[in-house]
Each structure stands twice: as C-alpha cells, then as structure tokens.
Amino acid sequence: MEELIIQAVEKGMASIYGAEVDVNTIQPQKTRKEFDGDLTVVVFPFTKISKKSPEQTAEDLGKYLVDNVPQITNFNVVKGFLNLSISGDYWLGELNAIAQNKTFGQAAPSGKTYMVEYASPNTNKPLHLGHLRNIFLGFSVAEILKANGHEVFKTQIINDRGIHICKSMLAWQKFGNGETPQSLGIKGDHLVGKYYVEFDKELKRQAYDLAREAITKYDETESFNSLPRIEYLKSEASKELSLIMVMTSDQRNVDVIADCYKAATEIMIEAQEMLKKWENGDKEVVDLWKKMNGWVYEGFDVTYQTMGVDFDEIYYESDTYILGKDVVEKGLAEGHFYKKEDGSIWCDLSVEKMDDKLLLRADGTSVYMTQDIGTAIERYKNHPNLNGIIYTVGNEQNHHFKVLFAILKKLGYQWADECHHLSYGMIELPDGKMKSREGTVVDADDLMAEIVNDAKLMTQERGHLDGLSNAEKDELYAQIGLGGLKYYLLKVDAKKGMVFNPEESIDLNGNTAPFIQYAHARIQSLLRKANELNYSTSYTDAELNEEEITLVKLLKDFPIVIKEAGENISPATLSNYIYELVKTFNHFYQNVPILREEDKNKLAMRLVLSQSVANVIASGMKLLGISVPNKM
C-alpha cells in the first residue's frame, strides 16, 4: 500500500500541477492514533510545486487519490498532513495473505552471517541473576537475527583460568575434605562456588588478623617498617597503609587496613603460587583444574537446559589467553603501536579521544584486551564470511569495547565496523547489588525453581487443570514461570538497569508473559470450541469493522517489528509489540461476538483473524525464547 500511494502521489502531482515531484519526498507513514485514517502523507515538500498552502495542496491531492486509487475511500486534512483511509477490502486481503503465509514474519535469506556471544561465565561459581539477563538477551537477539534471514552462530567464551579460578581450587584443596558433587548430591558449579565464598571468608579472616596485629605493633613501636608481612605489600598499598597508620588509634579503620593487607595474606600468596604452577603446566594443579572445571561444566549444562538456550561454538580462555600477542608484536612492527622504555607495548588512541591502552606488559604478558583482539581475529579466521560479532556484555565494559573496536580498525580489520557491544544495565535486588564473593547473589537455578513453583501455586489456585496429566501440568508450570522470568528481563530496554521483582514477573495482569500466554491459550480454547461445533473457517466475503481492521494493521506490522528489532538489536521492541497486539485482541474479544455471530462469513473471518493473532503471538514469543501453552 505504501508503494501504491507513492506511485499515486507522483502521478497526482504531475496531473494536478503539471510538475514532477522527487519520490524521496513522498513518505507515507502510519496515521497518528488521535486522527482518523490509516496512512498519512506529509505535503509540506510539495508546496513549492503547487504554489498553494499546505492545506489546499493536501485537499487537491486527497481528492485525486480518492478518485484514482480504489483502495483509498476517504481523506481528511490536518494542516499539512493528508490522512488517508484505506478500504476494508484491502485489509481483508491482507488478512487472507497473512493467514495463508506459513512463515509470516520470517525474512528471506540475507546472505549475511553474524556471531552472537553471550553467557561467558567464570568457572568459579554458578550462574546468577545477572547471567540470566545476559543469556536471555543474547539468545533472543540470535533468534531475531535468524528471523531476519541471517545465518547466526551462538557462542560463548568461558573464563576458565586466572586467579579467581585458583581461589576456588585452593579453598577446596584446603577445606573440602574430598567433597564431590556426587558425595553431597549437589550440582558441580554450586560446589565450586561454595569454595569461592570460603576462600573470601578465609582471606578476610587472615587480613583482619594482620590488620589488628599491625595496629598493635604500630602503637608499640610507631615504626611502619615493623608492620607484619610488610615485605609482601605492594608500594601503592604501602603508601595508603602508611597514611592510615599515622592516624591516632580512634581514627583508624580496621576494614581499610585489612583491605591493604589482602594481597599479603598467606592464602592469597598461595593462590598466586598456584596460578604460576598452572601456567607452568604443573600436573597436580592442572589435574585439579580439569576435575573442578569438569564439575562446573556439568552444572552449567543442566542450567542451560532448564533455560532452554544453546550454543553452536564454545571458546575457552585457557586456549585463547595467549592469542593476540603475535598480533600486537606485528602491530608494533607496522607502526600501529609503540613501546615504552620499560618494554611495555601500548596503542595510541588520542585520535579517538581515548587514553592510550596497554597491550603487553613489560614482562611480555598479555592483558584482557590482547586476548580479545586475538579471539576476534580467530573467529573471523574460522568464519571468513562473518559480517559482524555481537558481544552481550554488561555496561561496565562499555569503554573496553570502544577500545577493542578502535584497535581492530587500526590494525586494518574493516569488519570491526560491524562489531557491536550489546550493552545492558545491571540488575539489582531491592536491597542492593549482588556480590559473588560474599555469597549474596541470586542463584540462577534457585531463582528459576522458585519462580516455577510460584507459577505452580498460582495455577493450582486458579484451577482449570482438568484433563492434564502430571507431566503436562509440570510443563505448564515451567512455561509460565520461565516465560515470566524471561519476558520480565527482556521487555525493558537493555541499556537500562533494573530492579528484579519475581512476583511481578508471573502476574496474570499487565505487561507480563503470563498475560500474553493466557491470551494465546484463550484463542486456542476458542478454536477448539469452534472445531467441536464444526464451524467453518472459509468465507467468500466479510466486511471488517474498526476493531478488526486495527488488529489486521497490527498483524501486518509483525515483519516490520522483527526487522526493527534486528536492526536495533532489541528484544524489547518485539516484546512491547506482542503486548500491544494482545491488549488489542483482548479488547476485540470482549467487544465483538465470535462464536455467537450469526453471519457465517463474519464468524469464519473472525476465527481466521483469531488464529492469525495466535500464530503471531507464538512466533514472536518463540523469538524471545518463550513457549506459549494451548491450555492455561
């Protein structure tokens, strides 16, 4: 219709005013809700040709379009805006086309290939609430990109090495007494996470002991050099500590002094030594690392299965952490980077108005940026046709990815322009931020189980479960609970932070997944009754009322919304569309008779319309990773 109007306006301007109009200035758009009409043409660009006011130009053009375009039945003018009303027959034809299109909303193959990175957990703890937003976002974006006709590879890089991994390993070694997931009957990631917390407890205990001893010794000797384990304190920490220690006793903050001592504790020194052993390939340490990481991977797999997400490729930091070093050395030789007197290698980012970035330390070891540079290049080597990578990472890493993409461009990789950081805001609890070391996070497994149980209690209280087997009931509870959780985290613009409220996520009212799922189940119930009554879904002609036209318009927008969600990398765009569609259908359902309609053509058309709405709800929710029940 938009193309038809563009052609008709072009002909109309030539017919009325004898002049050609630039087709790029003809841009039909949806009529605003407060005005009558379906599509609006802005006529201000045409007044130079008409030599008339915008209102008169719109009047002339509106009359021409009504007389020459059968699908346009009426028009009205609001200043320089020409609002056009489209015939019911046209919208009926659109409904027929939608109903017959089994892949409605899916774009044709684009020939483009993208990689979406999400999850990327550490192997020292189980997944938590923050991971859920990350994973649901990444998975949904991948599905939306597929719907846009792109080939998509879902990937993650698992952070399976480093000091934080050694902390869990060392604590289990010291305090675990040989515990295993099997001996305790818990998931492996939970067991490893338990010892990550234990490490932090022991670290704090030792740091507090050193802090108290330091205060006592300083009071006795007033000598900074007499403080315990001073040889292990870094210079910067020593400076801070020296300032604190010269305070009078009543001014001293034991917590601050303990923080200065954390690097000097025996357990932290042991963890650093374990990391060195791992990097040197010490068999005992490597075997322990493999065993405990294996426990974690088994636990992760169970969690991912519950979430309903998957991956096509997995990268491991233990394989990739040395990637990029050769790239940096080559970049230095080609003049892209520079070396300081201490031997460290840096990238000058002054042109990009950012601080210079360290890429290799003076001792030749790499930093995270070095690894990310190497990993990105490796991915493009593995997939030569890759058009871009989308990194699903929290907004605390915004600067990191700006630097990464800038460095890749400096190295001549033009595909860096196609790389995108899907930055998302943090999730907080009502009482503040989560901290993994202190064990105050909301565990993903526990949260999902709790929400599914809440959905079970809510559904049992409402009834309507007759005829469902226990397995079908359990599946329904999971659909409602996990659907509510996913939708709650996806409906908010990813850039915004949010406070998580599990009770709201499964509310049957408002902008929630259960509200949407219930609408789908209601339509399926309607269609089952129609089938039992042998009502036909074939019709020769049917006049659409305003409620029905509004629904068809929304249905027709589905492919456009999928395209926008893909271009903007925004599941929230799709979420809000589905919610609007369901609200509009509910209004139609309450106000327009369907099974009670005596006109068989209208009844059949309304059944087809309802089925089309259900199909779009199911398709759209699937792109969000959410399934919809047929009974609820």
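A disulfide is a pair of cysteine sulfur atoms within 2.5 Å. Keep that in mind for the opening exercise. What you're looking at is a predicted model, where local features need pLDDT of at least 70, side-chain atom pairs count only at pLDDT 80 or more, and totals for chains, interfaces and linings use all residues. Residues are numbered from 1 along each chain as its sequence is written, and side-chain values use heavy atoms, with hydrogens and water left out.

**Exercise 1: the cysteines**

Work out how many disulfides there are, then check on cysteine 419.

Solution. Apply the rule and you get 0 disulfides. Now take cysteine 419: the nearest cysteine sulfur belongs to cysteine 347 and sits 16 Å away, and cysteine 419 is in no disulfide. Next, see how covered it is. Buried means under 20% relative accessible area, exposed over 50%, and partly exposed in between (1.4 Å probe, protein chains only). Cysteine 419 has 8% relative accessibility, so it counts as buried. Try cysteine 166 too: its relative accessible area is 3%, so that one is buried as well.

**Exercise 2: strand β5**

Find out how covered β5 is and which strands it pairs with.

Solution. Strands here are DSSP runs of E with at least two residues, helices are runs of H or I with at least four, and both are numbered from the N terminus. Start with β5, residues 113-117: 5 of its 5 residues are buried. On one side you have Thr113, Met115 and Glu117, on the other Tyr114 and Val116, so to speak a strand with both faces covered.

Then look for partners; two strands pair if DSSP finds at least two bridges between them. β5 runs parallel to β6 (residues 151-158), with 5 bridges, and valine 116 stands opposite lysine 154 there. To get from β5 to β6 the chain passes through helix α5 (residues 129-147), a right-handed β-α-β crossover (with the strands pointing away from the viewer, the path from the first strand over the helix to the second runs clockwise). β11 (residues 386-394) is also parallel to β5, joined by 5 bridges, and its leucine 386 is the bridge partner of threonine 113.

**Exercise 3: a pocket lining**

Describe what lines the second largest pocket.

Solution. A pocket is an open set of points on a 1 Å grid over the protein atoms alone, where a 1.4 Å probe fits, with protein on both sides within 12 Å along at least five of seven lines; lining residues have an atom within 4 Å of a point. Count 29 lining residues, with Lys30, Thr31, Asp38, Lys553 and Asp557 nearest the centre. The largest share, 6 residues, comes from α21.
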